[in-house]
Number of protein chains: 2
Amino acid sequence: MTGAKQAKGPARRADAQRSIAAILEAAVSALSRNPEASVSEIAKAAGVGRVTLYGHFPNRVDLVEAALASAIEKGHAALDSVDLTGDPRQALARLIDSSWLLVNRSRSLLLAAQGVLPPGRIRILHAGPVERVEGLVERGRDEGVFRSDLSTPWLVGVLHSVMHNAADEINAGRLDSEKAGAFITATVLAAFTPPGSRVPG
Amino acid sequence: MTGAKQAKGPARRADAQRSIAAILEAAVSALSRNPEASVSEIAKAAGVGRVTLYGHFPNRVDLVEAALASAIEKGHAALDSVDLTGDPRQALARLIDSSWLLVNRSRSLLLAAQGVLPPGRIRILHAGPVERVEGLVERGRDEGVFRSDLSTPWLVGVLHSVMHNAADEINAGRLDSEKAGAFITATVLAAFTPPGSRVPG
DNA sequence: AGTAACTCGTACAGCACTGTTCGACAAGGG
DNA sequence: CCCTTGTCGAACAGTGCTGTACGAGTTACT
């Protein structure tokens with residue numbers, strides 16, 4: 001499911017596939033910059049007429065959902081290529097390094113989705129990615145290197161929050177984009193350290 | 001400066017003052033629920049005609065700014081009543097306990113402001129509150145109980161992020177509102193602990 | 001009591017956006 | 001090569017918002 005309606009029929013023309021891809025890409029990009037980007041704006045960015053867009057996506061809501069799904073799918077692929085075995089702390093560091101930029105870029109897009117999509121729909125969409133992270137955190141807790149006095153969802157939420165904070169700081173010019181990964185990792189590893197243990201670093 | 005235009009003239013009538021207060025309160029409340037609340041919506045919530053509102057605030061932007069200023073002023077007062085002396089860690093815990101709810105409530109309002117106000121304007125408005133928190137963090141760093149390998153603005157940002165995370169978790173029904181303070185404190189204190197030191201708790 | 005300040009509803013112009021329709025035109029597939 | 005599929009621009013109706021105007025009514029200060 002790439003997002004556009006594809007009920008049946010003898011498959012789509014090559015032409016249309018290109019359009020859909022361009023629209024999806026433009027939608028992700030535009031909505032990432034401005035969660036309230038209009039359909040006209042997106043169509044223009046995709047180099048496509050507004051009418052054409054409506055030919056593939058029945059309404060704005062479906063378009064946003066398709067864009068979100070597309071972004072998440074891409075992120076999912078990137079995530080799968082990260083080695084999550086070994087010391088959970090180092091695995092977490094690797095995960096952060098390779099995904100914080102992606103997560104950041106999707107933030108505004110997620111905001112756009114939250115404005116128009118039913119809450120359940122969103123949870124379903126990025127249930128996959130979240131599960132892998134939760135698995136890693138869970139393992140760290142079992143091995144005693146991550147704290148167990150706070151719930152796993154909370155810890156994962158903290159990870160996200162700190163990433164968002166990095167995005168804000170960069171955006172405000174107070175943080176160098178190069179150092180963001182290290183800052184996030186240092187902060188999160190400390191936050192995850194069990195009470196009574198020493199903070200690594 | 002309560003927010004409405006008050007250039008000169010022989011002072012305002014008691015009637016008008018009541019209206020302005022009601023509008024401001026309604027604006028804070030409505031914008032906190034929905035950052036894109038319309039002027040009609042706010043006027044109705046204030047029990048006032050839309051025209052009356054425009055009589056006091058020339059346009060929507062000024063209204064949002066006044067609402068934000070009002071909320072920040074109230075928060076500033078609440079913050080001033082917190083004792084920030086003594087062990088920085090305990091002072092931070094006190095600060096969190098007494099302000100996280102307030103900060104949370106203002107979050108959506110801040111979002112509304114970010115959408116329509118010039119970025120500099122916002123920084124000016126809540127420069128005051130931020131300074132006090134930064135002062136506390138700075139002191140903790142000097143005393144060696146908070147880490148110095150990360151910048152003060154970053155640490156303050158993390159504090160905010162974790163508060164926001166708590167708000168999200170509560171909103172999603174995954175966190176009990178009662179426990180939020182403790183969760184935030186535990187997480188932030190760990191995150192602020194210098195590398196090599198033991199996490200308190 | 002009288003006057004200026006305030007409030008209200010309705011109504012209007014202007015704008016931006018959504019979603020649809022139309023007719024003409026280009027491009028891909030069998 | 002022909003026919004389906006897709007694309008385009010222009011145009012339209014519908015909606016919801018902002019900001020302004022008007023006129024009549026009400027409320028507070030003196």
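The accessible surface of chain A comes to about 10300 Å², and carbon and sulfur atoms own 53% of that. Keep in mind that this is a predicted model, so every value here is computed from it.

**Getting to know chain A**

Chain A is made of nine helices and has zero strands. Walk along its sequence and you read α-α-α-α-α-α-α-α-α. Its C-alpha trace spans about 60 × 40 × 30 Å along the principal axes. Chain A has 201 residues, and 42% of them count as buried. What about contacts between residues with a separation of 6 or more? In chain A, 64% of these come from residues 24 or more positions apart.

**Two copies, one axis**

How are chains A and B related? In general, a rotation about an axis and a shift along it relate two copies of a chain. Here, a turn of 180° and a shift of 0.0 Å along the axis lay chain B on chain A with an RMSD of 0.0 Å. That is how a two-fold axis relates things. The copies also meet through the same surface, because 100% of the interface residues of chain B are interface residues in chain A too.

**Around DNA strand D**

Let's turn to the DNA. Strand D is surrounded by 22 residues, and the closest are A:R13, A:S19, A:T52, A:H56 and B:R18. Which part of the strand does the protein meet? Of the strand D atoms within 4 Å of the protein, 65% belong to sugar or phosphate, and the rest to bases.

Take A:S19 as an example. You can find A:S19 in helix α1 of chain A, which covers residues 14-33. With a relative accessible area of 14%, A:S19 is buried, since the cut-off is under 20%. Beyond its neighbours within four places in sequence, A:S19 touches A:V48 and A:H56. A:H56 has its own link to the DNA: an N or O atom in its side chain is 2.7 Å from a phosphate oxygen of strand D. The elements giving two or more residues to the surface near strand D are α1 and α3 (50-56) of chain A, together with α1 (14-33) and α3 (50-56) of chain B. With four residues, α3(A) gives the most. Sorted by class, this surface has seven nonpolar, seven polar and eight charged residues.

**Around DNA strand C**

Strand C has 23 residues around it, and the closest are A:R50, B:R13, B:S19, B:T52 and B:H56. Sugar or phosphate accounts for 60% of the strand C atoms within 4 Å of the protein, with bases making up the rest. Here α3(B) gives the most to the nearby surface, with four residues. By class, the surface near strand C has eight nonpolar, seven polar and eight charged residues.

Here are some of the distances to phosphate oxygens on both strands:

| Residue and atom | DNA strand | Distance to a phosphate oxygen |
|---|---|---|
| A:G49, polar backbone atom | strand D | 2.9 Å |
| B:A14, polar backbone atom | strand D | 3.3 Å |
| A:R18, side-chain N or O atom | strand C | 3.1 Å |
| A:Y54, side-chain N or O atom | strand C | 3.3 Å |
| B:T52, polar side-chain atom | strand C | 2.4 Å |

**A stop in a loop**

Finally, have a look at B:E143. This residue is in the loop of chain B between α7 (127-142) and α8 (152-171). B:E143 is partly exposed, with a relative accessible area of 44%. How many residues separate B:E143 and B:V156 in sequence? They are 13 residues apart, and in space their C-alpha atoms are 17 Å apart.

Technical notes
Residues numbered from 1 in each chain as written. Chains lettered and ligands numbered in written order. Predicted model: local features only at pLDDT ≥ 70, side-chain atom pairs only at ≥ 80, totals over all residues. Heavy atoms only, no water. Least-squares fit on C-alpha atoms with pLDDT ≥ 70 in both. Contact = heavy atoms within 4.5 Å. Buried < 20%, exposed > 50% of the residue type's maximum accessible area, 1.4 Å probe, protein only. Near = heavy atom within 4 Å. Polar contact = N/O pair within 3.5 Å; in protein donor to acceptor, adjacent residues only side chain to side chain. Nonpolar A, V, L, I, M, F, W, Y, C, P; charged D, E, K, R; others polar. Areas by Shrake-Rupley, 256 points an atom, 1.4 Å probe, with all protein chains shown as cover.
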